[in-house]
Amino acid sequence: MGADVSKRTFTGADRVRFRRQVSRGTEAIARMLTEGLFTDQGRPPEPLLGMEVELNLVDAAMQPALANAAVLDTIADPDFQTELAQFNIEINVAPRPLSGDEMVGLEQQLRASLNSADARAAAKDTHLVMTGMLPTLRPEHLTHDAISANPRYGILNEQIFAARGEDITIEIAGVELPSAHQLEQLHLTCDTIVPEAACTSLQLHLRLAPEDFAAHWNAAQAIAGVQVGIAGNSPFFAGTALWHESRIPVFEQATDTRPLELKNQGVRPRVWFGERWITTIFDLFEENTRYFPALLPVCSDDDPLDILDSGQIPLLDELRLHNGTVYRWNRPVYDVVDGQAHLRVENRVLPAGPTVIDTMANAAFYYGLLRGLVDQERPVWSQMSFDAAAENLHAGAREGFAAQLYWPKVGWVRPDELTLRKLLPIADAGLTAFGVSRKARSRYLSVIEGRCQSRQSGSEWQRRAVAAREAAGDDRDVALAGMLADYVTLMHEGEPAHTWPL
């Protein structure tokens, strides 16, 4: 979740200074864009696939295991890192070329890393689970005791509640389970941001030349509803059957710094889809600076404009820290490596899991569709309103394959039908343009095709499995734990979720 933060109290002077530093960092971005100081400016970089996968920890009874520190010590691999809650860890996959058979190699590497980590975690009576939301999480797990030891997380929790001034209320109306005859409702009040940690995701990075950023971000926004509609894997939270991709509303509400009065005034939420198509990456950094107060106002002594004047590239610590606390579903990232500045778009829409091959298929579909849409003569985002893209995200997250999404020249269509009829060929063309081999394209896009034909995502499988167990007499807690045990077995067997039996 970003850089470590150790300071526990902040003064008004800290906030004023931080605001100034972020503003000067934004000025530095503008100047660097104008002066061509990004290493990729005018010469797009080699396409690289970068990935972060958040994981859950469970015990033998499939209950959340508050054991990430012990598990990380046992795994002893720097690619695995802590996350907000003690029942989470994250694996960061080093970037590699998005060409040839590299995706197949990455799949093998990721599978080997997870298998090794799970075997080591077993020594602590703990197992790793790739799922968008851990089905067995209950309200009693969402306490201060569940927050990881890293001071950053405790401070972030304090600052969000200080800004909000009251407990967080999460209210979500669910979607009927198969054979059910009523909607389930969640009404949960919580005095921590641990519900945010329940939302475990797949984060995909793509490094871009500055002049190419806006087109790729706009395309990523346009396809967000399709992504969650065909790849949902988060149907249960706090014992309740909610949306097919419940991460979306839970994360939006769990990280909301606004009390009701500010919501009524139209103040922008911290978890934000956005409000317009952009023409440059500067639009996003400027919005973050203009609209959002600091949550973690930790300042360095560096003046970014003075650093630019000296002929060096600034780290922009404050801007990057601030940017990390504005939770866009497609986030702009500024980074400096070996003294060279570059930009990335970070896609945060997708859930983790269910399997490694599902994860790789979701990544391939995203990268291919993104490139394919950007390469089209008439951009898709010029043919639809931004509001339609935002509505698609929530419709796809809520209804899954049953959602009705808007798509230009098609009208209202289910995400599976849209994918099969229109988007798979575009994704294949995009992956071809990236130089991805026929073998890799076929391997991963065939998973997307099979999922859409069978209309079985991880979420669909979880919902049907729980409904079947309840029909056989299990209560909800027993059904969820039993379903999760079967899920973990199938996850390790590694076949894509659309082939899983019930």
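Helices and strands here are DSSP runs numbered from the N terminus, with at least four residues for a helix and at least two for a strand. Keep in mind as you scroll around that this is a predicted model.

Let's start with a single residue. Ser246 sits in the loop that joins strand E9 (240-241) to H7. Is Ser246 buried or exposed? Its relative accessibility is 0%, and buried means under 20%, so Ser246 counts as buried. Leaving aside residues up to four places away in sequence, Ser246 is in contact with Met133, Ser234 and Pro235.

From that loop, move on to H7 itself, because helix H7 (247-254) supplies at least two residues to the lining of the second largest pocket. Strand E10 (271-272) and helix H13 (386-399) do likewise. This pocket holds about 250 Å³ of space. If you want to select its lining, pick Glu252, Gln253, Asp256, Arg258, Pro269, Val271, Trp272, Phe273, Gly274, Ala390 and His394. By class, that lining has 5 nonpolar, 3 polar and 3 charged residues.

Now for the enclosed spaces. How many cavities of 30 Å³ or more are there? The count comes to 5.

The largest cavity has a volume of about 60 Å³. Around the largest cavity you'll find Ser300, Asp302, Asp303, Pro304, Ile307, Pro314, Leu315, Leu316, Asp317 and Glu318. Which elements give two or more residues to that lining? They are helix H10 (304-309) and helix H11 (317-323). Sorted by class, the lining of the largest cavity has 5 nonpolar residues, 4 charged ones and 1 polar one.

The second largest cavity contains about 50 Å³ of space. Its lining draws on several stretches of the sequence: Ile230, Ala231 and Gly232, then Gly353, Pro354, Asp358 and Asn362, and finally Arg451, Ser457, Gly458 and Ala497. Helix H6 (210-231) and helix H12 (356-375) each put at least two residues into this lining. By class, the residues around the second largest cavity split into 4 nonpolar, 5 polar and 2 charged.

To put the two cavities side by side, the lining of the largest one includes 4 charged residues, while the lining of the second largest one includes 2.

Terms used: Residues are numbered from 1 along each chain as its sequence is written. This is a predicted model: local features need pLDDT of at least 70, side-chain atom pairs count only at pLDDT 80 or more; totals for chains, interfaces and linings use all residues. Side-chain values use heavy atoms; hydrogens and water are left out. On a 1 Å grid over the protein atoms alone, a cavity is a set of points where a 1.4 Å probe fits but cannot get out, and a pocket is an open set with protein on both sides within 12 Å along at least five of seven lines; lining residues have an atom within 4 Å of a point. Grid points are joined across faces, edges and corners, and a volume is the space filled by probe spheres set on the points. Ala, Val, Leu, Ile, Met, Phe, Trp, Tyr, Cys and Pro count as nonpolar, Asp, Glu, Lys and Arg as charged, and the others, Gly among them, as polar. Buried means under 20% relative accessible area, exposed over 50%, partly exposed in between (1.4 Å probe, protein chains only). Contact means heavy atoms within 4.5 Å.
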